[in-house]
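Hi,

Here is the structure I promised to pass on. Please have a look at it first; my notes follow below.

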Amino acid sequence: MKKFYRAFGLLLACLLLGGTLQAGDVKNVIWIIGDGMGPDAMGFFMQGVRYGGLKDYPDKVSHLEQFLQNAQWGLFFNNTYDTVVTDSAAAGTQMATGRLSRPESVGVDYNGQPAENLLELARKQGKAVGVISDAYVTDATPAAFLAHVPNRSEKMEIARQIVAFEPDVLLGGGLKYFTTGENKKLLSEAKKKGYRVVKNKKELAAVKSGRVLGLFSDTSMPMAVEMHRYPKLPTLTEQTQKAVELLIQNEDGFVLVVEAGKIDWAAHAHDAGAWFYEMKELDNLLQYVQAFADKNGETLVYLNADHDTGLGAFAYRHVGKQKAMQKTAQGEVLYGGDVDYASFNTFAQLEKQQSSLYYLEEELKQLPAEKLTPAYLQKRFDEALGMKVDISKFDNLTDVSGLFEQLNESRGLVWATPNHSSLAILSAAYGPQADEFAGVYHNTDILPRFKQALGWSDK
Ligand SMILES: [Zn+2]
């Protein structure tokens, strides 16, 4: 009987402890921001995993889908002080500081006044702080958590303010802003402040404690679809693993902001394959972060985006009866005549893409005109897209973005804009105090919600 009571007590303790996962104290925060990741990007990726053919997902469920299934959802707006649509600078600033701002402003409110951000507050509470971006660290989103400047274009000043702020961990691209011109000595200054400066995956792996400044490329890190060409660079997930390993050594916990920065870029370019692979990198990251949070029990994970880019999705289109007949795999018209409702095959095709539109464009620009023969371009496009491309339909073979637009059209993939949209953004919070982030809100409400979740509100 004694045994029974002991087992019962243990079970009760487990249940109570289990209950505290939602209600307990938050010691650490990992905030993942998908730049440009509207609900359109999330849905497109999750559906791609369900209906595509990637071997990494034998059960056809993405980590994003699993994460969302267990998270508290919110929907929020991101308008600035005086505009409906935002850029990353204003969005980042409003999220980081809880203050209304204006487009292109970094860390300053709509009056141009520096506003205290989440990381500055966290440091006052004794927490270690880190920022990661797979774009570059002086770009608008990371800068909003690290600097205060009137305009996002002041990248050199942002770099100086970053070193002055001394985040415990800073990883990403953007080396040139720390090594050239007026900032030539910035890295030696950082070293004097106790930073380890690392420039590749191996050097990063060797860091076991202390502060680290990892700058892995001159400007942005490569697009995820191209990372296979750069085995010496750490992925966003690898950077995050290292950051967590270092930050958790601080006994009062940490706040880490991770930007998946190029979902936005792929969407600006209407490059659906690159878009998918940027989301896949975010998905790998979520797998790691969720497992870490489960094991740790005191980590609040918050996933959101700064804004939507592109408004991309499949749409049906009227193609004429003959074409619709050719389109259906069954060889017959199923949907009343002339409509192509888009094929699941497109997901499997996009997974085969090997290069981004950006990379292809750059590559072709650098080749002499005589090299750009139809035969060469055919070979290159086939390689880049991982499939046989029918170039006979394309008018100007060196116009890569035109080629992608035509491919999109033939697949029923539409984008409403090459820019940002005002689409409401989905947020998902996981772990202790996750319910603070449920409901409908504005991005200036995020910081107050963090303060509440972290118990800083009445201090
Ligand atoms: Zn953008």
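Which residue in β16 stands opposite Leu75? Val440 does. Leu75 is a good place to start, as the notes begin with the sheet.

Before that, a word on confidence. This is a predicted model. Mean pLDDT for the protein chain is 92, and 91% of its residues reach 70 or more. Residues 1-22 are another matter: pLDDT there is below 50. Beyond near neighbours in sequence, that stretch has 6 contacts in the model. Where pLDDT is low, predicted coordinates should not be read in detail.

The sheet

The sheet is open and has 10 strands. Their order is β5-β6-β4-β3-β7-β1-β8-β15-β2-β16, and the pairing is mixed. At the edges sit β5 (195-198) and β16 (439-442), each of which pairs on one side only. From one strand to the next, the twist averages 15°. Strand β2 (residues 72-77) runs parallel to β16, and 4 bridges join them.

Strand β1

Now look at β1, residues 28-34. The strand is mostly covered, with 7 of its 7 residues buried. That holds for both faces. Asn28, Ile30, Ile32 and Gly34 lie on one side; Val29, Trp31 and Ile33 lie on the other. In a regular strand, side chains alternate between the two faces of the sheet.

β1 has a parallel partner in β8 (residues 299-305), with 7 bridges between the two. It is also parallel to β7 (residues 254-260), through 6 bridges. Trp31 shows both pairings. In β8, Trp31 stands opposite Tyr302. In β7, its bridge partner is Val257.

The two domains

The domain assignment splits the protein chain in two. Domain 1 covers 25-312 + 418-454, and domain 2 covers 352-411. Their centres, taken over C-alpha atoms, are 32 Å apart. Where they meet, 10 residues of domain 1 are in contact with 11 residues of domain 2. Helix α12 (residues 272-296) supplies the largest share of the domain 1 side, with 3 residues. By type, that side divides into 6 nonpolar, 2 polar and 2 charged residues.

Ala269

Ala269 deserves a stop. It lies in the loop between α11 (263-268) and α12. Is Ala269 buried or exposed? Ala269 counts as buried because it has 23 C-beta neighbours inside 10 Å, and the cut-off for buried is 20 or more. Leaving out residues up to four places away in sequence, Ala269 touches Ala274, Leu357, Tyr358 and Ser401. Pro418 is 149 residues from Ala269 along the chain, yet their C-alpha atoms are separated by 6.8 Å.

A helix pair

Two of those contacts of Ala269, Leu357 and Ser401, turn up again in a helix pair. The helices are α15 (residues 357-365) and α17 (residues 400-411). Their axes come within 9 Å and cross at roughly 145°. From α15, the residues involved are Leu357, Leu360, Glu361 and Leu364. They meet Val400, Ser401 and Phe404 in α17. This contact divides into 5 nonpolar, 1 polar and 1 charged residue.

That is what I have. For a quick tour, begin at Leu75 and Val440, go on to Trp31 with Tyr302, and finish at Ala269 in its loop.

Best wishes

Key
Residues are numbered from 1 along each chain as its sequence is written. This is a predicted model: local features need pLDDT of at least 70, side-chain atom pairs count only at pLDDT 80 or more; totals for chains, interfaces and linings use all residues. Domain bounds come from an automatic or database domain assignment. Two residues are in contact if their C-beta atoms, placed from the backbone, lie within 7 Å. Ala, Val, Leu, Ile, Met, Phe, Trp, Tyr, Cys and Pro count as nonpolar, Asp, Glu, Lys and Arg as charged, and the others, Gly among them, as polar. Axes are lines fitted to C-alpha atoms, for helices over the stretch in contact, and angles run from 0 to 180 degrees between N-to-C directions. A residue is buried if 20 or more other C-beta atoms lie within 10 Å of its own, exposed if 12 or fewer, and partly exposed in between; C-beta atoms are placed from the backbone. Two strands pair if DSSP finds at least two bridges between them. pLDDT is the predictor's confidence in each residue, from 0 to 100.
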